[in-house]
Amino acid sequence: MASHRRPKQPSRARVTVLTTAAAAAVVMSSQAANAAPSEKPSKDEVKAKVDKLYEQAEQATEKYNGAKEKQEKLQKEISTIQDNVARGQQELNELRDDLGSMASAQYRSGGIDPSVQLFLSSDPDDYLDKASALDQLSTQQVDALKKIQEKQRELAQQRSEASEKLEDLASTRTELGNKKKEVQAKLASAQKLLNSLTAAEKAQLAEEQNRATRTSERDALSTNVPAGSGRAAAAYAAAQSKLGSPYVYGATGPSSYDCSGLTQWAYAQAGVAIPRTSESQTGAGTRIYSVSQLKVGDLVFFFNDLHHVGLYAGNGQIIHAPRTGTVVRYESMNTIGGPFMFGVRV
């Protein structure tokens, strides 16, 4: 006979837990339903994020510039080595030809026993002179063989060096491509943020920057700080002539620039060659750590990793190519976005 048991009732503790969980779910669901939609970031918040992205893009740009400079240097070095190898191979071929001619001549001269040659010679004195030349020919052959061996070792070393540089060039090209992608990704993210602003907000940002630029220009033009040298004055004048030129990463003029591209171009107009990247330009002269000691035309470096450079304009202002979306302009050193590290008097 089947047993009919009464279903077991849930414990009071279990009922309490389930009730509490259900109540919490209701509360969370109610809160979610009543929660306000996420607020759109303000103009200033967008600007802060965009500025950070531009800073990161500029860091990548200077690494891109360094890789590009290295690539160009390697290509020149490889071309020189390959030219040397081609010339060396030609010299080696000529040495081998000379050695072959010597061997043939010796064979022809030595084809008859020397005593018979002397007996048959109509002019014994003439033969003895030739015999002396044959002895000398043997010495020339030894010298020729030594030259061939030296040339072979030299060519092997040059070919090995070219091979190593070609491998370095391949990795540099890969690095160059990666840095280019990194820059483009940062710029695309910044542009996406800027596109989220209204037309009025974009206009406000533009007006704020224009106002700051006008103030910096006024302060710079009223300076009584002298130039560091005639070359510094010429470089500064060259940079002034490019005010309003657009910033383009990797550009060195004459119509667009990035930060180190502008400073390199400006000093080139003064007849002074300085390196390509901001970091390498720090070694172009004497370092100046006090702003009060800076002179017009000195290079000025910012951020701990030295990824930004401009030209000092006096009164705490600089001329520089700031970032994508801007032009070569005056700006206060206080608004660069990173700390002033030092200046360099070229």
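This is a short group-meeting talk about the fold, the empty spaces and the charged pairs of one protein model.

Okay, hi everyone. Before anything else: what we have here is a predicted model, so keep that in mind as I go.

Let's start with the overall layout. The protein has eight helices and six strands. How are they ordered along the sequence? The pattern reads α-α-α-α-α-α-α-α-β-β-β-β-β-β, with the helices coming before the strands. There are 346 residues, and 34% of them are buried. Now think about contacts between residues at least 6 apart in sequence: 72% of those join residues that are at least 24 apart.

Next, empty space. The general idea is that you roll a probe the size of a water molecule over the atoms, and that shows where space is left.

The largest pocket holds about 1000 Å³ of space. Its lining is made of 39 residues. Which of them lie nearest the centre? Those are Asp 51, Gln 209, Arg 323, Thr 326 and Arg 329. Four elements give at least two lining residues each: α2 (43-109), α4 (124-195), α5 (199-221) and β5 (329-332). Helix α5 gives the largest share, with nine residues. If you sort the lining by class, you get 16 nonpolar, twelve polar and eleven charged residues.

There's also a cavity. How many cavities of 30 Å³ or more are there? The count comes to one, and the volume of the largest cavity is about 40 Å³. The residues around it are Tyr 54, Ala 57, Glu 58, Thr 61, Val 183, Leu 187, Tyr 247, Tyr 249, Arg 323 and Thr 324. Maybe you caught a name there: Arg 323 lines this cavity, and Arg 323 was also on the list of residues nearest the centre of the largest pocket. Both α2 and α4 supply at least two residues of the cavity lining, and α2 has the largest share, four residues. By class, the cavity lining splits into six nonpolar, two polar and two charged residues.

Right, on to charges. In general, side chains of opposite charge can pair when their charged atoms come close. How many salt bridges do we count in this model? The total is 16, and I'll walk you through a few.

One is between Lys 47 and Asp 51, where the closest N and O atoms are 2.8 Å apart. Both residues are in helix α2, four residues apart, so about one turn of the helix. Lys 47 counts as partly exposed because its relative accessibility is 33%, and Asp 51 is partly exposed too, at 27%. Asp 51, remember, is one of those residues nearest the centre of the largest pocket.

Another one pairs Asp 219 with Arg 218, with the closest N and O atoms 3.7 Å apart. Here Asp 219 is partly exposed, with a relative accessible area of 24%, while Arg 218 is exposed, at 53%.

Then there's Asp 258 with Arg 276, at 3.0 Å between the closest N and O atoms. This pair links distant parts of the chain: Asp 258 sits in the loop between α6 (230-240) and α7, and Arg 276 in the loop between α7 and α8 (278-281), 18 residues apart. Are these two buried or exposed? Both Asp 258 and Arg 276 are buried.

Salt bridges can also share partners: Lys 43, Asp 44 and Glu 208 are joined that way into one network. Let's look at Asp 44 for a second. Asp 44 is part of helix α2, and with 52% relative accessibility, Asp 44 counts as exposed. Asp 44 is 161 residues from Leu 205 in sequence, yet their C-alpha atoms are 8.8 Å apart in space.

My last stop is Thr 263, in helix α7 (residues 259-269). Why does Thr 263 count as buried? Because its relative accessibility is 1%, and the cut-off for buried is under 20%. What does Thr 263 touch, leaving out residues up to four places away in sequence? The list is Ile 274, Gln 281, Leu 299, Val 309, Gly 310 and Leu 311. There's a polar partner as well: a polar atom of the Thr 263 side chain lies 3.0 Å from the backbone oxygen of Ser 260.

That's my tour, thanks for listening!

Technical notes. Residues are numbered from 1 along each chain as its sequence is written. This is a predicted model: local features need pLDDT of at least 70, side-chain atom pairs count only at pLDDT 80 or more; totals for chains, interfaces and linings use all residues. Side-chain values use heavy atoms; hydrogens and water are left out. On a 1 Å grid over the protein atoms alone, a cavity is a set of points where a 1.4 Å probe fits but cannot get out, and a pocket is an open set with protein on both sides within 12 Å along at least five of seven lines; lining residues have an atom within 4 Å of a point. Grid points are joined across faces, edges and corners, and a volume is the space filled by probe spheres set on the points. Ala, Val, Leu, Ile, Met, Phe, Trp, Tyr, Cys and Pro count as nonpolar, Asp, Glu, Lys and Arg as charged, and the others, Gly among them, as polar. Buried means under 20% relative accessible area, exposed over 50%, partly exposed in between (1.4 Å probe, protein chains only). A polar contact is a pair of N or O atoms within 3.5 Å; within protein, one must be able to donate a hydrogen and the other to accept it, and residues adjacent in sequence count only if both atoms are side-chain atoms. Contact means heavy atoms within 4.5 Å. A salt bridge is a side-chain nitrogen of Lys or Arg within 4 Å of a carboxyl oxygen of Asp or Glu.
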